[in-house]
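User: Please take a close look at how the side chains pack in this one. Keep it chatty, but give me the numbers.

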Amino acid sequence: MAVKIQHSPQVETYLRRRAGVAPLESGLSIPKKILRSKWTWITCAIVLASVASLIILGFDIVPDRTLDDGMKIPGLNFDALRTSARRALPTLIFWVVCFFLIDRFKPQRLMIWILALLWGGCIAIGLSYYLNTWVGQQMAVIDEMSGTAAIRIAVFVAPFVEEGTKACIIFFIVVIDRNRFTSRVSGAVVGGLAGAGFAFTENIIYYARAIVYGSYTSSAGDVAAALDYLVFLRGVLTAFGHPLFTLMTGVGVGFAVASRSKMVRILAPAAGFLMAAFLHMFFNFQASVIPEERLLPLILIIAWPVVIGVAIRLIMSMLRQGKIIAARLEDYAAAGWLPDNYPSAFSRLRSRAWTVVMSLWHGSVVKTWMMQVRVTELAMIADGISRGTIDEGALLREYDLINEINELDQAGGLSSGQGLRPYWPWNADLHRNDRPNAVHLPAHTTTAEPPVKYSAVDPRWQAPS
């Protein structure tokens, strides 16, 4: 907890930007906030770039192509693409739900989720498509590498190109607004969503190629059965691929943002990217050289246990976030800046969920949700301050959050649903006073003692501006 330090607007803006916290927007109307937000224009740019990437990619994969030797390759018609999209959608929904469940204590904004999916499914897939082709042409030799051109590209080119293009959105968000990343869970979610979007578009292309090939080739056999098998192989058995690989880069970035060490901040993202590329390389190598009947048991015996282990580790990291929130809120409660019930009410997922449900009867759902978001942000900022990963500019945001929490508490935000129950509308008068009285938080002065001690940032490391 920090006291309010008076600065000029210019100095305050600079300190907030350097600390990576939200700027002061009190007194601005909603249209002005939208227009002044950098994310408004970033979203517009990424959406336009995504549409352009899909159009450019479509010009290459939809029309028929004729090779130099006269061989004709049929393009992917829109019926095949539409059918493929419908078959690929369940896999995407599965991953979105998984990351939604993991990202609960300090969830990314919906806009960040959409941007990560758009980047992976449109921009990254377009860049990778042309970069893989270009690098493959540069690697080509007279004998076409003795029939190994596709394998070499899949093993030595695609992993680094694809993981690099997908990871761009992770580094972009950190550079633009690093307070979006408070832990390795934040990085894993953004990276996993970018990978899921990439896999979604890639699956559409693979499924559509199978449909078109089957319709043009009499020896293809049962096209429906072949498509079902391909959907099972890519959409179920190996669906972990791209989300798992890019997740590694996100975890590395999450480690870097949460660390005070300059060495960790440099090496962790690089290590995460290399881990993603090498896992991708190993997977492509196995898929390229091992017969299919031997590959499937290896996936079940080796790959899926690794995926389950990573999932367990992410769940443990998510639960650790709850412990961090409880510890930091206890500091505020001990100093009298927050009520005593806040640590237990806001550090348990089931308590938070029950409180939101009870706010349908005993408060305001919107205010309750906003209150949970603000209290969590306050705890995460306090954790960064105590560990020295956020400099003194965050103290300004801390003061804003205390006031906002107080205002939300007075406006119907429910801090705890403990002891509350739903009631029928005709019994509303009997339960009107069931909600605990709003707690008036203390008015803070410049002489107040901050309960969370500021740990100075390592002078050898200056945080990115």
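Analyst:
**Side-chain packing up close**

The fold has 15 helices and two strands. Keep in mind that this is a predicted model, with a mean pLDDT of 83 for the protein and 81% of its residues at 70 or more. Of the 465 residues, 47% count as buried. The chain also folds back across long stretches of sequence: take the contacts between residues at least 6 apart, and 79% of them join residues at least 24 apart.

A good place to start is F346, which sits in helix 12, residues 342-346. Its relative accessible area is 1%, so F346 is buried, the cut-off being under 20%. What does F346 touch, once residues up to four places away in sequence are set aside? The list runs to F105, I325, L329, R352, M371, Q372, V375 and S415. For a backbone view of the same spot, look at T376: it lies 30 residues from F346 along the chain, yet their C-alpha atoms are separated by 7.4 Å.

Next up is helix 7, which spans residues 184-216 and holds T201. S186 has its place in helix 7 too. With a relative accessibility of 1%, S186 counts as buried. T201 has 10% relative accessibility and therefore also counts as buried, since the limit is 20%. Their partners can be listed briefly, leaving aside neighbours within four places in sequence. On that basis S186 is in contact with Q108, R180 and F181, while T201 is in contact with G121 and I125.

Now the aromatics. A pair of rings is described by how far apart the centres are and by the angle between the planes. The count here comes to nine aromatic pairs. For Y129 and Y130, the ring centres are 5.1 Å apart and the planes meet at 85 degrees, so this pair is edge-to-face, the requirement being over 60 degrees. Y130 has a relative accessibility of 34%, and so it counts as partly exposed. Elsewhere, ring pairs link F240, F245, F283 and W304 into a cluster.

Then there's the outside. The protein has an accessible surface of about 23700 Å², and carbon and sulfur atoms account for 66% of that. One nonpolar patch on it covers about 450 Å² and is made by L89, I93, V97, F100 and L101. Is I93, one of the patch residues, buried or partly exposed? Its relative accessibility is 46%, so I93 counts as partly exposed, a class that runs from 20% up to 50%. As for secondary structure, I93 belongs to helix 4, residues 78-102.

Last, the parts to treat with care if you reuse the coordinates. Over residues 443-448 pLDDT stays under 50, and the model has eight contacts for this stretch beyond four places in sequence. Residues 461-465 also keep a pLDDT under 50, again with eight contacts beyond four places in sequence.

Terms used. Residues numbered from 1 in each chain as written. Predicted model: local features only at pLDDT ≥ 70, side-chain atom pairs only at ≥ 80, totals over all residues. Heavy atoms only, no water. Patch = residues over 30% accessible without salt bridge, like charges linked within 9 Å, V, L, I, M, F, W, Y side chains within 5 Å. Areas by Shrake-Rupley, 256 points an atom, 1.4 Å probe, with all protein chains shown as cover. Salt bridge = Lys/Arg side-chain N within 4 Å of Asp/Glu carboxyl O. Helix = DSSP H or I, 4+ residues; strand = E, 2+ residues; numbered from the N terminus. Buried < 20%, exposed > 50% of the residue type's maximum accessible area, 1.4 Å probe, protein only. pLDDT = per-residue confidence, 0-100. Contact = heavy atoms within 4.5 Å. Phe/Tyr/Trp six-rings, centres within 6.5 Å; stacked < 30°, edge-to-face > 60°.
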